[in-house]
Amino acid sequence: MFRGIYTPIVTPFDEKEEIDYQKLLVNLSKLADTPLEGLVVLGSNGEFPYLTEREKLDISTFVLKEKAEKQKVIVGASHESVFQMKRFIDKIQPFEPSALLVLPPHYYKSSMKEEALYQFFVDIADYSPMPIMLYNMPGNTGINMPASLVVKLSCHPNILGIKDTAGNIVQLSQIVGEAEKDFSVFAGSASYLLPALTMGAKGATLALSNVLAEKCCEIYRLFNEGETVKALEQQQKIIRINTLVTAGIGVPALKYAMDLKGYQGGMPRKPMQLLTEDEKTRVRTALAEAEA
């Protein structure tokens, strides 16, 4: 069973929009000294849609080699077809990631009924020697994986859990209540970390933990130790900064916040834009509030 707090790491780019592996190494070294259970590479915060297949493989293998021994690594493996998925699985399998994170195919969303999505994930899980974690991200894909589908998929022995970024606590609670008991439900945003844990989530994959790993892990620890009032106090502090580095502004704000905290955010890849001075002020203010 997967549990704990995972960081979906960013991909630092240099001024020429090339991957800056030295900056990435700095981040991995700093994250290794936190209580994080693991890392996610090639997630949404890693700007994976902007990477070539060669870059995806290179950055995945680099992280798997350089990460802390104690940390698990989940690799984003999302592709639109089963054929593409199988090719990627064949290429990444020799490097032994802990699991693969997979979005539902969504370009032809009108054809992606529940039956088609179910078969897509079963085909992948049957083929992969590595466990699969589902990734529900309707804000980006336009497809919400209903609880009924996730519960059915939880019965597959090679589908270990879901990162649910829908933000629907009722849906998340239904999945927790009806899925197989060893199925790991992860919150996909720090904005509802504590509510998700309260409803039975096993952990979370949080963009904010690139910036405030210790605080995110502290909320998880306090909850598990029964210190719910203290956990709630910390949860409330991170709402504003979390909004800015996710839905509010997004990856460029996350990278700027990382720079403020001594990490190496690097440049975003175009068409993402650098922050305006007003946006920088908003991030600095919210970060200060979170750490107060």
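A residue counts as buried when its relative accessible area is under 20%, and as exposed when that area is over 50%; values in between are called partly exposed. The structure treated here is a predicted model.

**Exercise 1. Strand 5**

Decide how enclosed strand 5 is, using the cut-off for buried residues.

Solution.
- Step 1. Locate strand 5: residues 132-136.
- Step 2. Take one side of the strand. Ile 132, Leu 134 and Asn 136 are buried there.
- Step 3. Take the other side. Met 133 and Tyr 135 are buried too, and both faces of strand 5 are covered.
- Step 4. Conclude. Five of the five residues are buried, so strand 5 is largely enclosed by the rest of the structure.

**Exercise 2. The sheet around strand 5**

Find the partners of strand 5 and place them in the whole sheet.

Solution.
- Step 1. Recall the general rule. Strands of a sheet pair through backbone hydrogen bonds, either parallel or antiparallel.
- Step 2. Look towards strand 4, residues 99-102. Three bridges join strand 4 to strand 5, and the two run parallel. Leu 100 has Ile 132 of strand 5 as its bridge partner.
- Step 3. Look towards strand 6, residues 159-164. Five bridges join strand 5 to strand 6, again in parallel. Tyr 135 is bridged to Lys 163 in strand 6.
- Step 4. Add a helix. Helix 2, residues 53-66, packs on the sheet and touches strand 2 (38-41) and strand 3 (72-76). The direction of helix 2 makes about 170° with that of strand 2.
- Step 5. Step back. Eight strands form a closed barrel in the order 1-2-3-4-5-6-7-8, with parallel pairing. From one strand to the next, the twist averages 25°.

**Exercise 3. One face of helix 11**

Work out how the buried residues of helix 11 are arranged.

Solution.
- Step 1. List them. In helix 11 (residues 239-248), the buried residues are Ile 241, Asn 242, Leu 244 and Val 245.
- Step 2. Look down the helix axis. These buried residues fall within an arc of 160°, so they line one face of helix 11.
- Step 3. Recall the general geometry. An α-helix has 3.6 residues a turn, so residues three or four places apart point the same way.
- Step 4. Find the cover. Helix 12 (251-260) and helix 13 (277-291) are included in what covers the buried residues of helix 11.
- Step 5. Check one distance. Ile 241 and Ala 288 are 47 residues apart in sequence, yet their C-alpha atoms are 9.0 Å apart. Ala 288 belongs to helix 13. Its relative accessible area is 46%, so Ala 288 is partly exposed.
- Step 6. Look just past the helix. Gly 250 has a positive phi of about 110°.

**Exercise 4. The largest pocket**

Describe the largest pocket and name the element that gives the largest share of its lining.

Solution.
- Step 1. Give its volume: about 790 Å³.
- Step 2. Find the centre. Of the 39 lining residues, the closest to it are Ser 44, Asn 45, Tyr 135, Met 137 and Asn 140.
- Step 3. Sort by element. Helix 5 (138-141), helix 11 and helix 12 each supply at least two lining residues.
- Step 4. Pick the largest share. Helix 11 gives five residues.

**Exercise 5. Two residues of helix 7**

Classify Gln 171 and Glu 178 as buried, partly exposed or exposed.

Solution.
- Step 1. Place them. Gln 171 is in helix 7, and so is Glu 178.
- Step 2. Apply the cut-off to Gln 171. Its relative accessibility is 9%, so Gln 171 is buried.
- Step 3. See what surrounds it. Beyond its neighbours within four places in sequence, Gln 171 contacts several residues, among them Asn 136, Asn 144 and Asp 164.
- Step 4. Turn to Glu 178. At 47% relative accessible area, Glu 178 is partly exposed.
- Step 5. Find a distant residue in sequence. Ser 148 is 30 residues from Glu 178 along the chain, with 8.8 Å between their C-alpha atoms.

**Exercise 6. Unusual backbone geometry**

Find exceptions to the general rule that most residues other than glycine have a negative phi and most peptide bonds are trans.

Solution.
- Step 1. Search the loop between strand 2 and helix 2. Leu 42 lies there, and so does Glu 47.
- Step 2. Read phi. Leu 42 has a positive value of about 70°, and Glu 47 has one near 55°.
- Step 3. Check burial. Leu 42 is buried at 5% relative accessibility. Glu 47 is buried at 1%.
- Step 4. Search for a cis bond. One joins Lys 270 and Pro 271, with omega about 20°. Pro 271 sits in the loop between helix 12 and helix 13.

Definitions and conventions. Residues numbered from 1 in each chain as written. Predicted model: local features only at pLDDT ≥ 70, side-chain atom pairs only at ≥ 80, totals over all residues. Heavy atoms only, no water. Pairing = 2+ DSSP bridges. Helix = DSSP H or I, 4+ residues; strand = E, 2+ residues; numbered from the N terminus. Axes fitted to C-alpha atoms, helices over the stretch in contact; angles between N-to-C directions. Contact = heavy atoms within 4.5 Å. Buried < 20%, exposed > 50% of the residue type's maximum accessible area, 1.4 Å probe, protein only. Arc of directions from axis to C-beta. 1 Å grid on protein atoms, 1.4 Å probe; cavity = no way out; pocket = protein on both sides within 12 Å on 5 of 7 lines; lining within 4 Å. Points joined across faces, edges and corners; volume = space filled by probe spheres on them.
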